[in-house]
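Trainee: Could you take me through one part of this model in detail? I'd like to look at the place where the two chains meet.

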Amino acid sequence: MTLPRRSFLKGILATGGAMALGTSILPETVMAKEWPQNAFEAENVKDVLLKLFKTVTPKESNQIIIDAPDIAENGAVVPIEVTTKLPKVESITILGEKNPTPLVAHFNFANNADAWIKTRIKLGETSNIIAIVKADGRFYMAHRAVKVTIGGCGG
Amino acid sequence: MAKSTIRLQAKLKNNVTQVKALIKHPMEIGTRRDLKTGKLIPAHFIQEIICTHNGEVVMSAIWGNGIAKNPYLAFRFQGGVVGDKVILLWKDNLGQEDMREVKIKKSRRRR
């Protein structure tokens with residue numbers, strides 16, 4: 001990453017933003033939402049849920065499929081795939097239950113996006129991966145155990 | 001222009017566009033120590049990801065430090081046409097950002 005590029009990009013974003021990717025492309029609704037620091041810093045699942053969704057405990061659902069290795073040799077890179085047949089999915093949230101800060105990621109989907117996401121996460125130790133799906137205004141959750149041989153959070 | 005931090009592809013098959021992104025980023029969690037100096041390595045991770053199709057947001061995400069280094073991300077959406085513009089943008093906790101634009105291509109692989 002070279003500096004000229006960095007400042008070049010910043011220049012685009014600051015000044016010509018409207019043209020390149022400013023207000024026209026990134027609607028206020030998305031960008032205006034502050035990054036929820038308190039949820040990402042919460043140290044247990046219950047706290048994350050409280051900070052992120054404020055309400056309720058999500059309902060356990062067998063309609064959410066979490067695909068992940070049963071044994072992850074390296075906790076620093078755990079491939080996971082989350083999908084659900086639930087209708088009208090608005091978001092999928094991924095948590096690593098025993099991570100120092102469990103909240104990993106929160107994905108919002110537009111109406112035309114499939115309820116499917118694939119990524120790679122870190123797990124500090126053997127733990128459940130929890131997926132929370134918001135569908136049609138209601139919350140559902142599922143988990144899957146992953147055994148970690150080498151933790152992904154140490155130095 | 002210097003090389004982008006984002007590798008992006010959007011491929012159409014059976015009316016579904018699958019977007020795959022690979023981003024070069026350290027995703028430092030902020031609690032690791034430098035083995036030589038013993039000093040904490042400051043947190044440095046992507047916080048926001050946005051993907052648009054012809055200017056409309058199809059997927060946006062907020063990330064913490066629990067996404068693996070050099071993040072990989074794949075997702076799908078309906079209604080894309082070959083040649084449509086797909087843009088992916090990321091922004092990290094230090095205010096750095098990058099974007100990449102690709103056109104939807106037809107997938108050569110069969111399902």
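Mentor: Let's go through the contact between the chains, then two backbone oddities in chain B. Bear in mind that this is a predicted model, in which local features need pLDDT of at least 70, side-chain atom pairs count only at pLDDT 80 or more, and totals for chains, interfaces and linings use all residues. Residues are numbered from 1 along each chain as its sequence is written, while chains are lettered from A and ligands numbered from 1 in the order in which they are written.

The contact draws on 41 residues of chain A and 42 residues of chain B, where contact means C-beta atoms, placed from the backbone, within 7 Å. On the chain A side, two or more residues each come from α1 (3–14), β6 (103–109) and β7 (113–121); helices (H or I, at least four residues) and strands (E, at least two) are DSSP runs, numbered from the N terminus. β7(A) gives the most, eight residues.

β7(A) also pairs with β5 of chain B (residues 72–78), antiparallel and over four bridges; pairing takes at least two DSSP bridges. Across from B:Phe75 in β5(B) you'll find A:Ile117.

Now the oddities. B:Asn14, in the loop between β1 (6–13) and β2 (16–23) of chain B, has a positive phi of about 50 degrees without being a glycine. B:Met27, also not a glycine, has a positive phi near 50 degrees, and sits in the loop between β2 and β3 (46–53) of chain B. B:Asn14 is exposed, because just 7 other C-beta atoms lie within 10 Å, whereas B:Met27 is buried, with 22. The cut-offs are 20 or more for buried, 12 or fewer for exposed and partly exposed in between, counting other C-beta atoms (placed from the backbone) within 10 Å of the residue's own.

Conventions: Contact = placed C-beta atoms within 7 Å.
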